[in-house]
Amino acid sequence: MKNFSFANPVKIIFGKDTIKEIANEIPKGSKVLVTYGGGSIKKNGVFDQVSKALSGYERYEFAGIEPNPHYETCMKAARLIKEKGVDFVLAVGGGSVIDATKFIVMAACFEDGDPWQVMERKATIKKALPFGSILTLAATGSEMNSGAVITKAATQEKIAFNSPLVFPQFSVLDPTTTYTLPSKQTSNGIVDTFVHVAEQYLTHSKEDTLLQDYMAEAVLKTLIIEGPKALKDPHSYDVRANLMWASTWGLNGWIAKGVDEDWATHMIGHEITAFYGVDHGQTLAIVLPGVMEILREQKAKKIIRMGKEVFGINESSDEAAINKTIKAVEDFFESLDIKTHLSEYGLGEEAVEKISKRLNDRGWKLGECQNITGDVAKKILETRR
Ligand code: NZQ
Ligand code: ZN
């Protein structure tokens with residue numbers, strides 16, 4: 001097991017009817033900005049619960065944060081914070097709203113020019129306003145991590161950043177808020193969580209990390225058991241609760257400790273979203289089976305382990321076990337009605353070339369062995385035509 005240090009300061013408030021507890025977490029007298037997306041929270045009653053809980057606070061709202069949140073939108077919210085003297089932010093939504101808020105609370109305090117420099121790794125984050133979140137979509141783990149992904153619409157760049165200064169102070173996870181998710185978003189979230197785990201587990205790891213492996217497999221098994229049930233019965237509290245908690249543990253840092261990490265699937269997937277607007281989860285469903293296929297030798301041991309521990313695959317030959325496991329992953333995504341080939345999203349050779357060129361131009365060497373270049377990404381995407 002590799003050396004590591006682990007600190008996750010986020011207070012999680014989990015369960016039915018917990019939104020009202022934000023009044024115990026936000027300092028009295030705060031000037032609060034509520035950030036949210038396109039308005040789903042106004043249709044599903046979450047906004048009413050937030051308003052009631054915030055009675056007595058001076059409150060402002062910033063709506064319109066788009067899926068795959070834009071830097072340009074975030075900057076408007078940062079300006080509003082300065083104008084009104086806001087000193088606490090409450091993000092209400094899915095990963096896009098929470099990610100945008102992580103950028104906004106940093107940008108509002110950034111004094112060295114354009115905060116986009118942080119995304120270009122030309123500046124570091126020195127300060128950020130405190131914020132909390134109310135999660136309404138189980139997927140990204142953003143509610144309990146210090147990462148975020150922001151898109152600069154002007155240049156079609158979708159870039160991740162990370163800083164311990166942008167952990168939420170608290171996150172409220174009330175599974176009933178996810179009852180209103182369109183099934184595509186439920187499925188996107190399950191795929192996203194599955195691939196988060198794969199990025200931290202399905203690697204050429206020489207490390208012996210038995211506990212992390214079992215924890216990773218526990219999240220994967222929860223997704224496989226509960227995922228189809230959520231599509232059949234979206235209002236099942238227990239199913240939604242299991243999925244919500246699994247998504248948080250998929251990317252709150254815990255299973256990443258002591259192990260090698262990949263993240264190539266995400267980095268390639270982000271480009272499919274940046275250039276073509278395909279949902280994050282859908283891009284991962286396309287790319288992961290391709291990464292497993294092209295890196296099958298490098299990842300053989302863990303692919304076979306995933307097959308056995310998660311899908312119950314026991315084959316006499318490694319070859320057959322690897323083939324069956326890659327197929328099982330693809331079939332699982334398809335069972336959630338998430339297509340796994342580029343052509344099913346209207347994408348072809350042009351997309352493969354464009355993405356491969358961008359990765360080569362950036363000189364990126366992705367994956368746990370830093371051996372996935374733009375050319376290797378091309379081979380991966382070719383298998384997913
Ligand atoms: O606009 P709103 O009203 O929020 O509607 C959203 C949006 O249209 C809707 N929705 C959310 N909760 C709902 C709901 N509709 C009905 N009922 C509810 N309860 O669903 C749509 C998608 O929401 P979004 O927040 O975009 O989805 P998700 O949570 O999957 O977040 C995706 C974003 O997270 C980033 C992705 O890159 C993408 O930008 N990620 C963040 C990570 C992190 N911070 O650690 C890691 C991930 O790998 C991922 O990259
Ligand atoms: Zn993801």
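Trainee: How far apart do the centres of the positive and negative side chains lie in the protein chain?

Mentor: Keep in mind that this is a predicted model. The protein chain carries 46 positive and 50 negative side chains. Take the centre of each set, and the two centres lie 3 Å apart.

Trainee: What does the radius of gyration say about how compact the protein chain is?

Mentor: Start with the make-up: the chain has 15 helices and 8 strands. For 385 residues the globule rule gives 21 Å, and the chain comes close to that, so it is as compact as a globular protein of that length. Along the principal axes, its C-alpha atoms fill a box of roughly 65 × 45 × 45 Å. The radius of gyration itself is 20 Å.

Trainee: What share of the residues is buried?

Mentor: The cut-off here is under 20% relative accessible area. Of the accessible surface, which comes to about 15500 Å², 53% belongs to carbon and sulfur atoms. Counted over the 385 residues, the buried share is 59%.

Trainee: Among contacts with a separation of 6 or more, what share comes from residues 24 or more positions apart?

Mentor: Phenylalanine 131 gives a feel for this, being 99 residues from valine 32 in sequence but 9.1 Å from it in space, C-alpha to C-alpha. For the protein chain, the share is 78%.

Trainee: Which residues coordinate the zinc ion (ligand 2)?

Mentor: The donors sit at 1.9 to 2.3 Å from the ion. Their spacing in sequence reads D-x3-H-x69-H-x13-H. An OD atom comes from the aspartate and NE2 atoms from the histidines, which makes the set Asp192, His196, His266 and His280.

Trainee: Which helices hold histidine 196 and histidine 266?

Mentor: The pair ties together parts that are 70 residues apart in sequence, because the two histidines lie in separate elements, residues 183–201 and residues 264–276. Histidine 196 is buried at 3% relative accessibility, and histidine 266 is buried too, at 5%. The helices are α7 for histidine 196 and α10 for histidine 266.

Trainee: Is valine 172 buried or exposed?

Mentor: Valine 172 belongs to strand β8 (residues 170–173). Leaving out residues up to four places away in sequence, it touches Ile13, Thr18, Ile19, Ile22, Ser133, Ile134 and Leu135. Its relative accessible area is 0%, so valine 172 is buried.

Trainee: Which strand is phenylalanine 131 found in?

Mentor: Phenylalanine 131 counts as buried, at 1% relative accessibility. Not counting residues up to four places away in sequence, its contacts include Phe88, Val89, Ile98, Val166 and Phe170. The strand covers residues 131–135 and is β5.

Trainee: What is the phi of glutamine 156?

Mentor: Most residues other than glycine have a negative phi. Glutamine 156 goes the other way, and it sits in the loop between β6 (147–152) and β7 (157–162). It is partly exposed, with a relative accessible area of 32%. Its phi is positive, about 55 degrees.

Trainee: Is aspartate 337 buried or exposed?

Mentor: Aspartate 337 also has a positive phi, about 70 degrees, although it is not a glycine. Its place is the loop between α13 (318–335) and α14 (349–361). The relative accessible area is 59%, and the cut-off for this class is over 50%. That makes aspartate 337 exposed.

Conventions
Residues numbered from 1 in each chain as written. Chains lettered and ligands numbered in written order. Predicted model: local features only at pLDDT ≥ 70, side-chain atom pairs only at ≥ 80, totals over all residues. Heavy atoms only, no water. Helix = DSSP H or I, 4+ residues; strand = E, 2+ residues; numbered from the N terminus. Rg over C-alpha atoms; globule rule 2.2 N^0.38 Å. Buried < 20%, exposed > 50% of the residue type's maximum accessible area, 1.4 Å probe, protein only. Contact = heavy atoms within 4.5 Å. Areas by Shrake-Rupley, 256 points an atom, 1.4 Å probe, with all protein chains shown as cover. Lys, Arg positive; Asp, Glu negative; His and termini not counted. Charge placed at Lys NZ, Arg CZ, Asp CG, Glu CD. Donors = N, O, S within 2.8 Å, 3.2 Å for Na, K, Ca; no water.
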